[in-house]
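This briefing covers the ligand sites, cavities and pockets of one protein. The topics follow the display below.

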Amino acid sequence: MSNKIHSILNKEALNKQDIVFLLELDEKDQQLLFKKAAEVKAAYVGKITWFRGLIEYSNICSKNCYYCGIRSGNKQTKRYELTDEEVLSAAQFAIDHQYGSLVLQSGERSNRDFTAHITKLLKAIKQLSSPALGITLSMGEQSEKVFREWYDAGAHRYLLRIESSNPDLYHKLHPDDDIHNFEKRLAALRLLKKLNYQTGTGVMIGTPFQTTEHLANDLIFMRNFDIDMCGMGPYIENANTPLYKHKSRLLPLKDRFRLSLKMIAILRIMMKDINIAAATAMQAIDPLGREKAIMAGANVIMPNITPGKYRNDYDLYENKPCTNEEASDCNTCLEVRIGMTGDKIGYGAWGDSKHYFTRRKNP
Ligand code: SAM
Ligand code: SF4
């Protein structure tokens with residue numbers, strides 16, 4: 001068995017069959033996969049973990065994805081939007097702690113008041129620091145004009161998960177209407193690349209109706225799309241969402257977690273120099289989930305620096321971690337946690353995707 005694993009891990013390019021085989025490795029054999037991914041990570045992007053301070057800007061969303069706790073149809077959620085002062089003080093926290101970069105994430109809204117306000121905030125964040133903080137946005141699908149405006153205002157990375165690269169599965173996870181449209185999401189992802197963003201995508205792992213083949217195809221999609229960054233993690237149910245009724249179809253949480261680690265490790269082997277985030281949802285299942293992801297090939301974590309009073313309301317899924325803590329509480333343990341993985345922390349730098357620069361040199 002281990003000979004077969006080694007020969008697959010040393011192949012030039014993995015095919016779908018190889019990926020399915022690796023995704024199905026048991027707990028003992030998966031260690032060979034993680035070891036190989038750690039070697040690839042050390043050789044191509046170094047044993048460095050980059051921090052992005054995560055600001056959950058607002059849980060107001062115009063969409064209604066079946067899996068998400070802040071979907072517009074969930075009337076249990078108390079809606080909020082951070083004030084400009086709160087955003088800037090979180091950015092100042094990131095500067096003071098040398099995080100180097102921010103992620104500004106939010107429910108999706110495309111009205112002009114909202115998009116213009118984000119433009120203003122981006123400019124204000126850029127002015128706050130010298131050298132300026134790097135900014136990743138995760139604000140859903142927007143028009144070309146808005147993506148361009150935000151890029152010009154200082155955002156240079158964008159994370160837009162495709163959620164599933166299979167249109168039929170995508171359709172099962174979203175309402176059947178014009179704003180939850182697979183082709184539109186794909187077109188938005190293409191736009192981001194065209195506009196020179198470092199472009200990130202990802203999927204939820206372990207959703208109802210998903211098979212190992214779907215996941216293998218998702219990884220092949222990411223390779224074919226030539227992404228610069230990936231943020232993917234386990235799907236975690238939320239009782240206030242329509243998808244909850246399919247709970248009985250789900251893998252146990254610990255299997256969804258293990259599958260997520262394998263997805264990260266395989267992607268690291270397939271796309272050696274991209275940035276891969278250790279998703280917060282990993283930590284919701286296992287208190288050391290993000291650290292385990294780092295050891296399996298991830299090189300980015302996103303410590304939550306949203307003001308504590310809002311944390312409970314960005315309730316995408318159950319058991320979201322750190323919901324009652326202020327950023328400083330989380331920060332005290334981060335050095336020890338990353339130290340455990342053997343990585344160094346990339347303080348004070350943007351920690352851009354190496355792949356972005358390689359692909360632009362060799363289009
Ligand atoms: N609204 C933007 C969007 O959808 O791209 C950005 C914010 S959205 C909350 C960020 C990500 O949260 C989504 O891409 C989705 O994959 C993830 N998410 C939502 N509900 C989830 C759940 N129940 N379990 C795991 N991840 C979830
Ligand atoms: Fe809105 Fe994003 Fe949640 Fe979908 S996943 S409901 S777009 S916040």
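The lining of the largest pocket is made up of 7 nonpolar, 5 polar and 5 charged residues. The model is a predicted one. Enclosed spaces of 30 Å³ or more number 3 cavities, and the largest of the cavities has about 820 Å³ of space. Both ligands belong to that cavity: ligand 1 takes up space in the largest cavity, and ligand 2 sits in the largest cavity too.

**Largest pocket**

- The volume of the largest pocket is about 260 Å³.
- Its lining counts 17 residues, and those closest to the centre are Gly206, Gln210, Thr212, Leu251 and Leu259.
- Two helices, α9 (212–225) and α10 (253–270), are the elements that give two or more residues to the lining of this pocket.
- With 4 residues, α10 provides the largest share of the lining.

**Second largest pocket**

- The second largest pocket holds about 200 Å³ of space.
- Its lining consists of Ser62, Lys63, Glu108, Ser110, Glu141, Gln142, Asp178, Ile179, Lys184, Ala187 and Ala188.
- Sorted by class, these lining residues are 3 nonpolar, 3 polar and 5 charged.
- Lys63 lines this pocket and is also one of the residues around ligand 2.

**Largest cavity**

- In total, 39 residues line the largest cavity, and Gln105, Arg161, Glu163, Tyr314 and Leu316 lie nearest its centre.
- The elements that contribute two or more residues to this lining are β1 (48–58), β2 (101–106), β7 (229–234) and α11 (280–285).
- Strand β7 gives the largest share of the lining, 3 residues.
- The lining comprises 21 nonpolar, 10 polar and 8 charged residues.

**Ligand 1**

- The shell around ligand 1 contains 18 residues, of which Tyr67, Arg161, Glu163, Arg185 and Ile236 are the closest.
- By class, the shell has 9 nonpolar, 5 polar and 4 charged residues.
- A polar backbone atom of Tyr67 lies 3.0 Å from a nitrogen atom of the ligand.
- The side chain of Arg161 places an N or O atom 2.8 Å from an oxygen atom of ligand 1.
- At Ile236, a polar backbone atom is 2.7 Å from a nitrogen atom of ligand 1.
- On its own, ligand 1 has 550 Å² of accessible area, and the protein covers 93% of that area.
- Arg161 and Glu163 are among the residues closest to ligand 1, and both are also among those nearest the centre of the largest cavity.

**Ligand 2**

- Around ligand 2 are Cys61, Lys63, Cys65, Tyr67, Cys68, Ile70, Arg71 and Gly107.
- These residues divide into 5 nonpolar, 1 polar and 2 charged.
- Tyr67 is part of the surroundings of ligand 2 and is also one of the closest residues to ligand 1.

**Second largest cavity**

- The volume of the second largest cavity is about 110 Å³.
- It is lined by 13 residues, and Arg52, Leu159, Met229, Ala277 and Val300 are the closest to its centre.
- Strands β4 (157–159), β7 and β8 (275–278) each give at least two residues to the lining.
- By class, the lining of this cavity has 8 nonpolar, 3 polar and 2 charged residues.
- Strand β7 thus appears in two linings: that of the second largest cavity and that of the largest cavity.

Conventions
Residues numbered from 1 in each chain as written. Chains lettered and ligands numbered in written order. Predicted model: local features only at pLDDT ≥ 70, side-chain atom pairs only at ≥ 80, totals over all residues. Heavy atoms only, no water. Near = heavy atom within 4 Å. Polar contact = N/O pair within 3.5 Å; in protein donor to acceptor, adjacent residues only side chain to side chain. Areas by Shrake-Rupley, 256 points an atom, 1.4 Å probe, with all protein chains shown as cover. 1 Å grid on protein atoms, 1.4 Å probe; cavity = no way out; pocket = protein on both sides within 12 Å on 5 of 7 lines; lining within 4 Å. Sits in = over half its atoms within 2 Å of the grid points. Nonpolar A, V, L, I, M, F, W, Y, C, P; charged D, E, K, R; others polar. Points joined across faces, edges and corners; volume = space filled by probe spheres on them.
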